[in-house]
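Trainee: Before we look at the terms one by one, could you take me through this structure slowly and show me what stands behind each label?

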Amino acid sequence: MKFIWRPYTLLFRHPFRIAHGVRNSTPVMFIRIAYRGEEGYGEASMPPYLGESHETADAFFRLVDLSRFPGPGDIRSVMEYIDGLAPGNTSAKAAIDIALHDLAGKIQDKPVYELFGADPFLAPCTSFTIGMDDPDKIRGKVKEATDFPILKVKLGGEDDLRILQAVRASTAKPFSVDVNQGWADREFALDMICRMKEMNVVFVEQPFRVDNLEDQLWLKERSPLPVIADESCRRFSDIESCRDAFHGINIKLMKCTGLSEGRRMIEEAGKHNLKVLIGCMSESSCGVSAAATLTPFASWADMDGPLLITNDAFDGISFDKGRIIFPERPGIGAVPKVLLFGGE
C-alpha cells in the first residue's frame with residue numbers, strides 16, 4: 001500500500017465562536033492510500049483542543065510503514081499497529097482508518113455503510129450549527145438554516161440566555177445546545193437546562209470541564225434533558241467514566257481514531273443504555289462522509305461540517321432538508337474535487 005499526505009486549511013463561512021474562543025479556519029491533512037489500482041482517501045481535521053497540527057500530523061505519518069501489511073483486508077490489525085506508534089495523534093490515526101475503509105469498500109465495490117450492515121434510510125436528519133454571536137447575527141444564522149429541521153446552538157458565555165431567546169424568537173424548530181465545557185456553576189447549569197426544557201431543546205452537550213465529574217454526576221441526577229458527553233468521551237476507554245455521569249456520548253472520528261473504534265463505541269454505549277450522537281469537527285466532505293456511515297446506528301447526527309466552510313475539497317454526502325443523502329459510490333463515497341496529490 002502506497003501512502004501520501006498533503007496539508008490543507010478549511011476556511012469558515014463565518015467566524016466560528018465557541019466557549020473557548022473564535023477562529024476562522026481549521027488545519028487538516030488529506031491522505032491517499034493506493035493499492036492495486038484503487039485509492040482510498042482520509043482526512044485528519046485538527047481543531048485546537050485536540051493539540052494536533054500540520055506539523056504533528058506530518059511527523060506522525062512519517063512513522064507509518066504500511067508495507068508491512070499485505071493489503072487493507074485486516075483493518076483492525078493495521079489500526080492496532082497505527083495506534084501503538086505514538087500516543088495521541090487521534091485525528092491523524094483517524095485519517096488512516098478512514099482511507100483504509102474507503103479502500104476496502106472500493107475493492108469490494110460496496111459503500112462502507114453496506115460493509116457495516118447499515119440501512120442509510122435509518123440515518124437521523126443532521127442538525128445545523130449556530131455559533132455564538134450577538135442576537136442580531138444569531139437571527140441571521142437561523143435564517144440560513146431554513147432547510148434543516150433541527151439546529152445545534154453553541155453556548156458557554158455571558159450571553160447564553162440572550163442567544164437562546166434570539167433562536168427561539170426566530171424559529172419554533174427543536175434544537176440541541178453545546179456548551180463546550182463553558183459552565184462552571186452547577187446551579188446555574190440546572191437553571192439554564194430547566195429553561196431550555198420549556199424552549200423545546202432536545203439535549204445538552206458537555207456543560208462542564210472534563211475534570212469536573214462531581215458536578216456532572218450531580219447535574220445528571222437532576223437534569224430534565226439528556227446530557228451528552230463530548231470532550232469527556234474521546235475514546236472507547238472513556239465510556240467507563242462517562243456511563244454514570246451522562247445520558248449519552250458524542251462519537252467523533254477525529255477523537256476516537258476512526259470508524260473501527262467508533263463502531264466499538266456504539267456497541268459499548270448500547271450495553272450501558274447510553275444514547276449516541278454521531279458528530280464531526282470542522283471537516284470537509286471526506287471526513288464527514290466517513291462519519292455519516294455510522295449515523296444509522298445513532299439517535300442523533302451532526303454532519304454539517306462541510307456546510308460551514310467555503311473551500312470543501314471533496315464531493316461526498318449531501319442533504320435534502322436535513323436528510324443525509326449518501327452518494328451512489330463505493331467506499332465512503334467522497335472524491336476529490338480539487339487537485340490535492342498532483343501526479344503522484
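Mentor: Let us begin with a strand, keeping in mind that this is a predicted model. Leu151 and Val153 point one way from S5, while Lys152 and Lys154 point the other way, and all of these residues are buried. In a regular strand the side chains alternate between the two faces of the sheet.

Trainee: What makes S4 and S5 a pair of strands?

Mentor: Two strands pair if at least two bridges are found between them, and S4 (residues 128–130) is joined to S5 by three bridges, with the two strands running parallel; S4 and S5 therefore pair. Within this pairing, Thr129 has Lys152 of S5 as its bridge partner. From S4 the chain passes through helix H5 (residues 135–144) to reach S5, in a β-α-β crossover that is right-handed.

Trainee: How do you know that S5 and S6 pair as well?

Mentor: The cut-off is again at least two bridges, and S5 and S6 (residues 175–178) have four, in the parallel sense, so they count as paired. Here Val153 has Val177 in S6 as its bridge partner, and S5, helix H6 (residues 160–170) and S6 form a right-handed β-α-β unit.

Trainee: Why is the contact between Asp215 and Arg186 called a salt bridge?

Mentor: Side chains of opposite charge can pair when their charged atoms come close. The cut-off is a nitrogen to oxygen distance within 4 Å, and the closest N and O atoms of Asp215 and Arg186 are 3.4 Å apart, so the pair qualifies. Because Asp215 lies in helix H8 (residues 213–222) and Arg186 in helix H7 (residues 186–197), the salt bridge ties together parts that are 29 residues apart in sequence.

Trainee: Why is one of these two residues, Asp215, called buried?

Mentor: Buried means under 20% relative accessible area, and Asp215 has 13%, so Asp215 is buried. Arg186, at 28% relative accessibility, falls between the limits of 20% and 50% and therefore counts as partly exposed.

Trainee: What makes Lys252 and Asp230 another salt bridge?

Mentor: Their closest N and O atoms are 3.1 Å apart, which is within 4 Å, so the definition is met. Lys252 and Asp230 are both buried.

Trainee: How do you know that Arg235 and Glu261 meet in a salt bridge?

Mentor: The distance from N to O is 2.6 Å, and the limit is 4 Å, so Arg235 and Glu261 are counted. The pair links distant parts of the chain, with Arg235 in the loop between S8 and H9 and Glu261 in helix H11, 26 residues apart; both residues are buried. A search of the whole structure finds 23 salt bridges, and Lys152, Lys154, Asp178, Glu205 and Asp302 are linked in a network of them.

Trainee: What is known about the largest pocket, and which residues are closest to its centre?

Mentor: The largest pocket has a volume of about 420 Å³. Of the 25 residues lining it, Phe16, Ile18, Arg23, Pro47 and Lys154 are the closest to its centre. Strands S1 (2–18), S2 (21–35) and S5 (151–154) each supply at least two residues of this lining, which by class has ten nonpolar, seven polar and eight charged residues.

Trainee: Which element gives the largest share of the lining of the second largest pocket?

Mentor: That share, four residues, comes from H3. The second largest pocket has a volume of about 280 Å³, and among its 15 lining residues Gly73, Ile75, Arg76, His101 and Arg263 lie nearest its centre.

Terms used:
Residues are numbered from 1 along each chain as its sequence is written. This is a predicted model: local features need pLDDT of at least 70, side-chain atom pairs count only at pLDDT 80 or more; totals for chains, interfaces and linings use all residues. Side-chain values use heavy atoms; hydrogens and water are left out. On a 1 Å grid over the protein atoms alone, a cavity is a set of points where a 1.4 Å probe fits but cannot get out, and a pocket is an open set with protein on both sides within 12 Å along at least five of seven lines; lining residues have an atom within 4 Å of a point. Grid points are joined across faces, edges and corners, and a volume is the space filled by probe spheres set on the points. Ala, Val, Leu, Ile, Met, Phe, Trp, Tyr, Cys and Pro count as nonpolar, Asp, Glu, Lys and Arg as charged, and the others, Gly among them, as polar. A salt bridge is a side-chain nitrogen of Lys or Arg within 4 Å of a carboxyl oxygen of Asp or Glu. Buried means under 20% relative accessible area, exposed over 50%, partly exposed in between (1.4 Å probe, protein chains only). A crossover is right-handed if, with the strands pointing away from the viewer, the path from the first strand over the helix to the second runs clockwise.
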